[in-house]
Amino acid sequence: MESLIMILVGILASVGTYLILSRNIIRVILGTAIYSHAVHLLILTMGGLKKGDVPILSQSEGPFTDALPQALILTAIVISFATTALLLVLAYRTYKTNGSDDFHELREMPDE
Amino acid sequence: MNNLIVLPLIIPIITAVVLVFLRDQIVLQRIISFVTMGFVCIVSFILLNIVQTEGIIRLDFSGWMPPFGILFVADSFSLLLVLTSSIVTLICLLYAFSMMGQRYEKMFFYPFVLFLVAGVNGSFLTGDIFNLFVCFEVMLLASYVLVAFGGGKRQLRESLKYVLINVVASWMFLVALAFLYGSVKTLNMAHIAQRVAEVGQDPLITTVAILFLIVFSLKAGLLLFFWLPGSYSVPPTVVQALFAALLTKVGIYALIRTFTLMFPLQQEVTHTIIGIMAGLTIIAGCMGALAGRDVYTIATYNVIIGTGFILIGLAVGTESAMAGAIYYLIHDIVAKALLFLLIGMMIYLTGETVVKKMSGLIQIYPIFGWIYFILMLALAGIPPFSGFIGKVLIGQGAIEAHSYILLALGFASSIIVLYSLLRIFLASFFGETTISPEDKKPIPKGAYTSFILLAISIIYLGIGAESIAVYVKDAAETLMNPSIYIDAILKG
């Protein structure tokens with residue numbers, strides 16, 4: 001199961017890289033979103049997938065599953081949500097002000 | 001008393017949230033943010049003195065004993081940085097009061113500065129590597145907003161690049177964290193250090209260490225600084241000063257903490273890479289500073305040279321080099337803030353950014369000109385100003401460790417720094433003035449106060465180096481002997 005998920009992480013990371021290297025702003029932002037999914041799965045797998053019971057003493061006598069990776073992922077999801085939202089707003093403003101959503105065109109624009 | 005440690009993080013956050021609701025009361029916003037930063041300065045000073053008598057102190061959130069819970073750790077190194085960055089922010093706020101303009105102040109400028117400070121202080125104080133990531137993100141989210149503050153065409157283009165690069169860097173931070181957790185099964189920094197020391201630093205852990213090196217180098221502008229000159233030259237002056245003073249320094253702090261505490265065992269691999277990167281950074285920074293024709297380019301490449309120079313101290317890794325790196329880090333926070341404030345003021349006064357088009361500023365604004373002169377000497381490392389002692393100690397450490405190439409590069413960079421800044425001084429401050437008497441703008445009192453306070457700090461750090469020597473010595477000792485830090489956390 002771990003190897004399968006690691007292959008999935010690899011696929012997601014390569015899709016993300018492909019999108020980030022493209023010229024269109026929206027594609028790049030989608031690429032960062034897919035990147036964050038890849039790393040969340042990676043954290044989950046590195047912590048070990050489900051091996052035992054719920055880590056609550058009164059409900060089980062062990063072996064327990066490590067619950068920490070899920071807490072980490074929850075935090076990381078919230079942060080990547082905030083960043084993506086801000087990035088979308090910024091991209092929209094850039095498009096409105098500069099009149100283009102293509103990185104090559106943006107780079108060649110003269111300064112003010 | 002330990003509860004004090006959390007105040008440099010929590011106080012700015014609470015006030016920032018309150019300030020959001022006081023959007024139109026600009027005077028009230030100014031007073032509250034100023035008082036808050038003053039309070040943070042006092043708290044961090046008190047903490048610094050507590051640490052001298054009681055040793056490293058820590059705060060376990062909700063009573064979870066380490067290594068299980070998240071904790072804040074205060075040692076001399078982190079508190080020196082918290083104190084310096086809070087003082088610099090306080091002084092930068094004074095500049096903002098007179099120069100920012102109501103349009104900007106109404107757009108939540110002060111709340112975001114406070115969020116930035118909270119993130120910076122949190123990164124310095126945390127003792128948990130995942131919490132370091134969270135504090136980095138708090139700081140970065142505030143900086144994303146501040147870099148785009150104003151929304152000019154070029155500014156938005158540059159800030160989009162800045163945000164994307166930092167998003168990818170944060171992603172790599174998470175990847176490194178995942179592999180680290182997979183190999184040592186803990187996130188507490190002291191516990192990681194202990195586990196790594198127990199099992200030895202095998203190639204897998206060294207690889208993870210290099211991943212961290214790449215992430216923090218991106219934030220610190222160590223070799224991977226391609227994003228820095230563009231994005232540091234677009235936001236308003238105060239924001240530039242805060243970025244140059246604080247953001248790259250957090251990256252440097254993280255590098256020093258990671259490679260002295262957590263991964264110190266494979267120095268011939270990691271520290272050699274850091275040394276090479278620092279050398280290349282200095283060379284590239286010098287080239288940029290020499291080639292630059294406008295003041296922004298010269299100033300941003302000076303930030304890069306400073307980063308390279310501090311990391312020579314880490315690469316060399318002797319105790320005197322570490323003390324020198326700490327001295328220089330403190331000096332650099334103050335000096336780079338002043339450099340960007342002065343340059344912003346030059347542009348405000350003349351309306352030009354190209355060095356050759358400005359002339360004769362010292363005739364009209366003598367004090368302004370002499371403060372620039374002091375700053376130039378301090379950045380070049382001439383006694384009795386603040387850069388001197390750090391340069392001497394890093395040089396001494398490099399000789400002890402026989403790293404003569406880094407020594408030569410570091411000291412040669414001082415001459416280039418002096419040359420690049422002297423060029424601005426000769427062209428823009430001397431000569432016939434180009435500003436006609438009708439166009440002459442007075443420098444606002446708040447801006448003058450901030451320049452003078454920062455200049456006094458520079459002179460104090462140079463002449464009064466003895467008075468902070470106790471703190472720096474303690475900080476360097478803790479960095480060189482990670483066992484002090486580990487014992488304070490896991491055995492306390």
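Helix H3 of chain B, residues 76–99, has 24 residues and should span 34 Å at 1.5 Å a residue (the expected span is 1.5 Å times one less than the number of residues). Its end C-alpha atoms are 34 Å apart, which agrees. Helices (H or I, at least four residues) and strands (E, at least two) are DSSP runs, numbered from the N terminus. The model is predicted: local features need pLDDT of at least 70, side-chain atom pairs count only at pLDDT 80 or more, and totals for chains, interfaces and linings use all residues. Residues are numbered from 1 along each chain as its sequence is written, while chains are lettered from A and ligands numbered from 1 in the order in which they are written.

**Confidence**
- Chain B has a mean pLDDT of 93 (the predictor's confidence in each residue, from 0 to 100).
- In chain B, 100% of residues reach 70 or more.
- For the complex, the predictor gives an ipTM of 0.94 and a pTM of 0.95.

**Helix H3 of chain B and the core**
- In H3(B), 23 of the 24 residues are buried (20 or more other C-beta atoms within 10 Å of their own, C-beta atoms being placed from the backbone).
- B:Gly101 follows H3(B) and has a positive phi, near 90 degrees.
- The largest nonpolar core (buried Ala, Val, Leu, Ile, Met, Phe, Trp, Tyr and Cys residues joined through C-beta atoms within 7 Å) holds 223 residues.
- Helix H14 of chain B, residues 319–350, gives the largest share of this core, 22 residues.

**Interface**
- Chain A has 26 residues in contact with 24 residues of chain B (C-beta atoms, placed from the backbone, within 7 Å).
- H3(A) supplies the largest share of the side of chain A that touches chain B, 14 residues.

**Cis peptide bonds in chain B**
- The bond from B:Pro66 to B:Pro67 is cis, with omega near 5 degrees.
- B:Pro67 sits in the loop between strands S1 (57–60) and S2 (71–74).
- The bond from B:Pro383 to B:Pro384 is also cis, with omega near 10 degrees.
- B:Pro384 sits in the loop between helices H16 (366–380) and H17 (387–400).

**Positive phi outside glycine**
- B:Lys185 is not a glycine, yet has a positive phi of about 60 degrees.
- B:Lys185 lies in the loop between helices H7 (153–184) and H8 (189–199).
- B:Lys185 is partly exposed (between the buried cut-off of 20 or more and the exposed cut-off of 12 or fewer), with 16 other C-beta atoms within 10 Å.
- B:His402, also not a glycine, has a positive phi of about 60 degrees.
- B:His402 counts as exposed, with 9 C-beta neighbours inside 10 Å.

Notes:
Contact = placed C-beta atoms within 7 Å.
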